[in-house]
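Notebook open, model loaded. I want to go through helix packing, then strands, then the place where the chains touch.

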Amino acid sequence: MLDIMRFQFRQLFRARMVHLTNILMLTVFLVMLFLDSGNHGDVREMMTSYLPQTLPFITGISVFAPAIMIAMVCGADFEDKTINHELTGGRSRTASFFGRAVPVMIAAPLTTVFITALPYVIYAAAAGTGDAIPVSAIAERYLLMLFPLLRLSAFFVFLIFVTKKQLAVIVSSLLVTSVTLGIIDGSGRAVLIQVINRHAGMLSISDLTRLTRFDNWRAYDLTMHSFYTYYPQLPVSQIVLTVICSLGMAAVWLLLGWHFFHVDDMN
Amino acid sequence: MQRIDLIALAVCVLGCGVLWKLADLADRIKSTKWKLCWLVLPVCAFAITRYGPELSLLPLYLGTVIAASGFFTEQSGSRKKRALSGAACMLLSIPVCLLNPRYRAKDYLGDFDKLFAAMREHYVLTEHKGIDWDAMYAKYRPQFAEIDRTQDAGRNALVWGAFCGEFHDGHVGYSCFKDDNDAASAAVREALGNDYGLSLMRCTDGSFAAVNTDASLAAFGIRNGTVITKWDGKTPDAVSRSAAAYGLSTFIADTETGDVLLMLDSYPDIDNEIFWSGVLAAGVGGDSVTVTYLDETGTEQTAVLPKIGAYFDRLRSTVDTVNQGVNAGNLQWKKLNDTTACLRIKGMSYDSQSYESAEDDAYDEMKDEIRETILRYQAEGVRDVVIDLRSNQGGSPHMVDGVVSMFAPKGEHYNMSTGLWDAEHHCWATDTSGRYIPNGDITFQGEQLLGDGRIIVLVNSETVSAGDDMVKIMEGMENVRIIGFMQPNGSCQAVNFQTADWGTLSFSSCVSLEKDGSIFIDSGIDRQSTDGDGVEIVPFDEAAIRSLFDEHKDYLMEQALQMLAGSTGAVSNPVLD
């Protein structure tokens, strides 16, 4: 199983499509951050006051990244029959499943966090860090985001092993992105989006949106200038629930995916 | 049990039946894809709901997991047993939900804690109004704890109304979410009491008069304007203070449309509270009340009036009649006679784009429209303008500047000053004496389009916020007279909202200041707001009552036209108490 994992990591590093997607997203995020000057009009905001305004949107789009990685690594092996050859070569189905699932579930959340964090590091270098939110609180959010992303990756793994189609994962990630953005921009009045927002424990959407939102109070003066006060501390209960729910659901998706693949007809 | 939970339960139990049948089919037609059907139930259980997961529905969730475990087996018999066990487990939700007093309980206490904490931190009139937050917390938290225990949504609305009323601030208000609207409306209606066939209004001379009287009272000789001296043996103002709805700041919304049907205010300005002091008294009493009144000869008589319904509708129509305004849309004009036109301003907003702007040219389009209309009217011979600000709900001070600039004498005029934000402490900056520090003035240029034409502004106690602002600016202008039965509301800080699970609290959180940093307009501990000193109070007397309630006329507008014609009955700032 270890050599399959090693090969998957190598494939991840070499997959042009994965790199292209990540670079494209990084570029888009950077352009977004530098072109939009935030609430202060022409004056560029410091990173810590700008991040709460933009992070939910950027994270919403970035869930496309793990989908692409999983589709490229696991899905391609179904479509070019690599897995079939592997199984006929004597590999166990468990090794084939976890040999793929584990590498992508390590790489996908880390990469996603990286491509959402790097634009802010670059932005901070250009515009300054500021002190609207302590950097430690931002780091805490990014660290916690790994857990829902792990859960989301596990779901995509389940999906790819059930459908064996790259397109299914990509389409579902587009759905997840749309719903997440729908929740973020407040247009999520549609019944479907409300339902998914409340009960997306299985897919991590609600946790991701909660983690990227910073409770705040907005004051404004008579010139309509806004002043934000942020309350970045997360309740302990939310942290514990996010971690437990994410690990639990990730395990469930993996178990379901492994069991399905274990008995599935490979044609 | 809530209907939506019953639907979820029914769907899942039926789903177990489907899985039972599917077990045989999956056994005959072999495919791993069948397995996916066994995952549908948990999705249904969590998706069919309004308020998210509920602890009392744990058997339902466990049941779906048991049924879904058929995913891991291929044996038809085993799958059937799991579907059956799952359904049985799900049904246990019914007794659990019915027996659990906290089933779908609303966290009213948590809401209070959240909203109270936000208001305590951000309310900008704490010192000005002498708010003792610890005392407020000690007074209201036990009441919300009790509400949380009893899950009484109606009482929740009433206690929030009483809490908001303590501030005497037109910007402090609580609105419950739609789910609680019915209960809240019923509670407020009940608090308003019974209908005995009349409303009471305090007249300018201090007496109390019957208004909006029912035809059945004619037998006693009680008609609109009859002086009521005692209500169940007590003076009407004393009875009013004993009313369950006294001091509440709340409203009743139409449960279908959400439109506000009736506002009850704890007025910032004490003069307005005195003006309305009789109106709640007419709902106080049991199955009947003993009313003492003066007959047409001035002799005191007594009548026992039976309850004929709930007071809400009569109170509402009384308030509407007294507060009426010109029936026209916001910023619409109406020609009153050959020389006078009326501009109706219901709220200080023109469009969403200008509303969010403080730019000098934000209201240019609106100003162009007003300018064009005035010039057209002037060409038709119109000299004077009545601006109807009655029940103006406020909005942008910049729109106020835009409107007033059309009528103000040429030159620069001061409106108000904005505050300085202390970015380090995340609050409005104050000096060592605790006074807010101004950070720039809001000014505008007057155009005096009317030339030497006269302006009369009509106000009432619902003329609030930016409406107050407009009154404050215009009462200092020479060609302007401001009239009303009462003062404007007296609340002019900018407002913010804090939302909790079951309602939203609004309160003053952004400062509007005078040049010296003192609070702009809002009343302090003395409950005297600083606008309205120039309002000429139109006597609320028998003539006004007959005009409003018998002849159904707009008495205040008639007074305005008489003033412009040269004869007036207005009294300048009479002492009401």
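Before I look at any helix pair, I need the cut-offs for naming angles: under 35 degrees counts as roughly parallel, over 145 as roughly antiparallel, 65 to 115 as roughly perpendicular, and the rest as oblique. I also remind myself that this is a predicted model.

**Entry 1: helices of chain A**

I started with α6(A), residues 93-127, against α7(A). Their axes come within 8 Å and cross at roughly 140°. By the cut-offs above, α6(A) and α7(A) are therefore oblique to each other. I noted the hand as well: α6(A) passes α7(A) in a right-handed crossing.

Who meets whom here? From α6(A) I wrote down A:F97, A:A101, A:V104, A:M105, A:A108, A:P109, A:T112, A:V113 and A:A117. On the α7(A) side they meet A:Y142, A:M145, A:L146, A:L149, A:L150, A:S153, A:A154, A:V157 and A:F161. Sorted by class, this contact has 16 nonpolar and two polar residues, with no charged ones.

Next I took α7(A), residues 135-163, with α11(A), residues 236-263. I get axes that come within 8 Å and a crossing of roughly 15°. That makes α7(A) roughly parallel to α11(A). The crossing of α7(A) past α11(A) is left-handed. I count the residues of this contact as 20 nonpolar, three polar and one charged.

That left α6(A) with α11(A). The axes of α6(A) and α11(A) come within 9 Å and cross at roughly 140°, and α6(A) passes α11(A) in a right-handed crossing. A:R93, A:T94, A:F97 and A:A101 are the α6(A) residues here; in α11(A) they meet A:L254, A:G257, A:W258, A:F261 and A:H262. The class split of this contact is five nonpolar, three polar and one charged.

A side note on A:F97 and A:A101: I have them in the list facing α7(A), and again in the list facing α11(A).

**Entry 2: a hairpin in chain A**

I then looked up β1(A), residues 215-220, and β2(A), residues 226-231, which pair in the antiparallel sense over six bridges. In the register, A:A219 stands opposite A:F227 of β2(A). What joins the two strands? They form a hairpin with five residues between them. I flagged A:M224 in that turn for its positive phi of about 65°.

**Entry 3: domains of chain B**

The assignment splits chain B into domain 1 (3-99), domain 2 (194-321) and domain 3 (324-410 + 447-490 + 532-572). I checked one spacing: the C-alpha centres of domain 1 and domain 2 of chain B are 59 Å apart.

**Entry 4: sheets of chain B**

First I traced a five-stranded open sheet, with antiparallel pairing and the order β3-β4-β5-β8-β9 in chain B. At its edges I find β3 (199-202) and β9 (300-306) of chain B, each with a single partner strand, so one side of each is left without a neighbour in the sheet. From one strand to the next the twist averages 45°. Inside this sheet I looked at β4 (residues 208-211) and β5 (residues 227-231) of chain B, an antiparallel pair over two bridges. B:F208 stands opposite B:I228 in β5(B).

The other sheet I opened is also an open one, three strands in the order β1-β21-β20 of chain B, with antiparallel pairing. Its edge strands are β1 (173-176) and β20 (494-499) of chain B, each pairing on one side only. Here the twist averages 30° from one strand to the next. I counted four bridges between β1(B) and β21(B), residues 503-510, and B:C176 stands opposite B:G503 in β21(B). Helix α6(B), residues 108-122, lies across β20 and β21 of chain B and runs at about 5° to β21(B).

**Entry 5: where the chains touch**

How many residues does each chain put into the contact? Chain B gives 24 and chain A gives 19. On the chain B side, α2 (40-47), β14 (411-419) and β21 each supply at least two residues. β14(B) gives the most, with three. I class the chain B side as 13 nonpolar, nine polar and two charged residues. So β21(B) turns up twice in my notes, in the three-stranded sheet and on the side that touches chain A.

Conventions:
Residues are numbered from 1 along each chain as its sequence is written. Chains are lettered from A and ligands numbered from 1 in the order in which they are written. This is a predicted model: local features need pLDDT of at least 70, side-chain atom pairs count only at pLDDT 80 or more; totals for chains, interfaces and linings use all residues. Domain bounds come from an automatic or database domain assignment. Two strands pair if DSSP finds at least two bridges between them. Axes are lines fitted to C-alpha atoms, for helices over the stretch in contact, and angles run from 0 to 180 degrees between N-to-C directions. Two residues are in contact if their C-beta atoms, placed from the backbone, lie within 7 Å. Ala, Val, Leu, Ile, Met, Phe, Trp, Tyr, Cys and Pro count as nonpolar, Asp, Glu, Lys and Arg as charged, and the others, Gly among them, as polar. A crossing is left-handed if the near helix is turned anticlockwise from the far one by less than a right angle, and right-handed if clockwise.
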